[in-house]
Amino acid sequence: VNGIRKKAFLCEKYVSGKSMDQVMADYGLTSVVKLGSNENMYAPYPNALKAMRDQIDMVNIYPERDYIRLKELLATKFGVAGPEWISLGHGAGNVLDSVAKTLLEEGDEVIVPEQSYRLYPEISKIMGAKVVEVPLDATYTISLKAFAKAMNDKTKIVWLCNPNNPTGTVVSKEDFDWFVDQMPQNCWLVVDEAYAEFADEGALPDVVSYIKAGKQVIDIRTFSKYYGLAGQRIGYLIADPDFINWYDTVSEPFNSNRLGLAAACALLEQDAEECERCKALMVNDRERMNKELEAIGCVPVHSDANFVFFEMPYDAVEVSESLLRRGVIVRPCAGWGYRRHMRVSIGTTEQNNEFLKQIRAVFGELA
Ligand code: PMP
């Protein structure tokens, strides 16, 4: 019991946004616009849905053990030699956790961006590692220069979120290239590219090229965002085959589900055009939302993800509460130390317009 207590004590309780049902019940609403968890509101895509329906009668049977079909599709997509460069997990969150289990021991150190996905410090602490948090720079961007200063011979993992959640910013290719050569011998650079598909063309370093070149770099991705499969929990990593072997030894068997696997294959093979079409709508709305937010006195940050992040002239927790009462779920960023900042996912155009309408109304009340 004490051991359990100690672990729980080390961690923050993971708080995801309120559910739609909860918000409807709490505020007596009949509909809610959910823009707090960076989900894809144009999905599920048609062939993914069909593939899941085709599998539903077989959920009493474990999925194929090695997930070869999905791994082969991913290997081709990323230009690695074969499926031995890929492994899967129940969403990127589970992949991150298994990577931490694979690499970390008591006494190791890890570096995390202070304003970033909160899972990195939690899974590192659980493994007994010391967490060194490095604040973002003045442009809300992860500073690899500051990361390099914080590294030492005990640093085992550098967790890099690119694009970063919650700010949507990316590190430059030049900084990335420089940083890879600064890492101590035993250190692994784990790049969480959950939002990579939404980044501007050419904005991101080609992480896989570093992996192929034999650098100690790991790329983590997900079907939850661009592919719109958050409820089915399919994430993956691309890494050197030796690392994949260790990862597969440490992670549990059957760490992916039958419906999700079938959907992921269909998304890659049959829904690619639909994914791109909807992404274009989301990226277009991202830029439009930022312009409209600017027009009402907010200061948006350029985002390479499927959400916007901006400073506002009011307390963002209060504004979020008012938005909730009006049926719009968003994510205030006070938990990251940003009292006047908010993260809002890009939904469908109709949902985005509803958010813009309601935030204008809330600002009107506060002015
Ligand atoms: N990494 C980042 C940066 C995220 O924002 C999220 C989810 N919000 C995840 C990983 C986990 O995604 P999933 O487990 O759904 O693949």
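**Close-ups of a predicted model**

**View 1. Val110 and its neighbour across the strands.** In this predicted model, Val110 has Ile157 of S5 as its bridge partner. That pair belongs to a parallel match-up: S3 and S5 (residues 155-161) are held together by 3 bridges. Helix H5 (residues 91-103) packs on the sheet here, and the strands it touches are S2, S5, S6 (188-192), S7 (217-222) and S8 (235-238). If you compare directions, H5 makes about 45° with S8.

**View 2. The other side of S3, and a crossover.** S3 (residues 109-113) also runs parallel to S4 (residues 130-134), and 5 bridges join the two. Look for Pro113, whose bridge partner in S4 is Val134. To get from S3 to S4, follow the chain through helix H6 (residues 119-126); together the three pieces make a right-handed β-α-β unit.

**View 3. The whole sheet.** Step back and you can count 7 strands in an open sheet, ordered S2-S8-S7-S6-S5-S3-S4, with mixed pairing. S2 (86-89) and S4 are the edge strands, each pairing on one side only. From one strand to the next, the twist averages 20°. A handy thing to keep in mind while looking: side chains in a regular strand alternate between the two faces of the sheet.

**View 4. Around the ligand.** There are 13 residues around the ligand, and the ones that come nearest are Gly91, Ala92, Gly93, Thr222 and Ser224. H5 is the top contributor to this shell, giving 3 residues. By character, the shell splits into 5 nonpolar, 7 polar and 1 charged.

**View 5. Two cis prolines in one loop.** Asn162 and Pro163 are joined by a cis peptide bond, with omega about -5°. Another cis bond links Asn165 to Pro166, this time with omega about 20°. Pro163 sits in the loop between S5 and helix H8 (173-180), and Pro166 is found in the loop between S5 and H8 too.

**View 6. Tyr67 and its backbone.** Zoom in on the loop between helix H3 (46-55) and helix H4 (68-78) and you'll find Tyr67. Its phi is near 50°, a positive value in a residue that isn't glycine.

**View 7. The annotated domain.** According to the UniProt annotation, from an unreviewed entry, residues 31-359 are covered by "domain: Aminotransferase class I/classII large". Within that span, 40% is helix and 17% is strand. Check the two ends as well: the C-alpha atoms there lie 17 Å apart.

How values were computed:
Residues are numbered from 1 along each chain as its sequence is written. This is a predicted model: local features need pLDDT of at least 70, side-chain atom pairs count only at pLDDT 80 or more; totals for chains, interfaces and linings use all residues. Two strands pair if DSSP finds at least two bridges between them. Helices (H or I, at least four residues) and strands (E, at least two) are DSSP runs, numbered from the N terminus. A crossover is right-handed if, with the strands pointing away from the viewer, the path from the first strand over the helix to the second runs clockwise. Axes are lines fitted to C-alpha atoms, for helices over the stretch in contact, and angles run from 0 to 180 degrees between N-to-C directions. Two residues are in contact if their C-beta atoms, placed from the backbone, lie within 7 Å. A residue is near a molecule or strand if its C-beta atom, placed from the backbone, lies within 6 Å of it. Ala, Val, Leu, Ile, Met, Phe, Trp, Tyr, Cys and Pro count as nonpolar, Asp, Glu, Lys and Arg as charged, and the others, Gly among them, as polar. UniProt positions are given in the numbering used here, feature names are shortened, and annotations may be inferred rather than shown by experiment.
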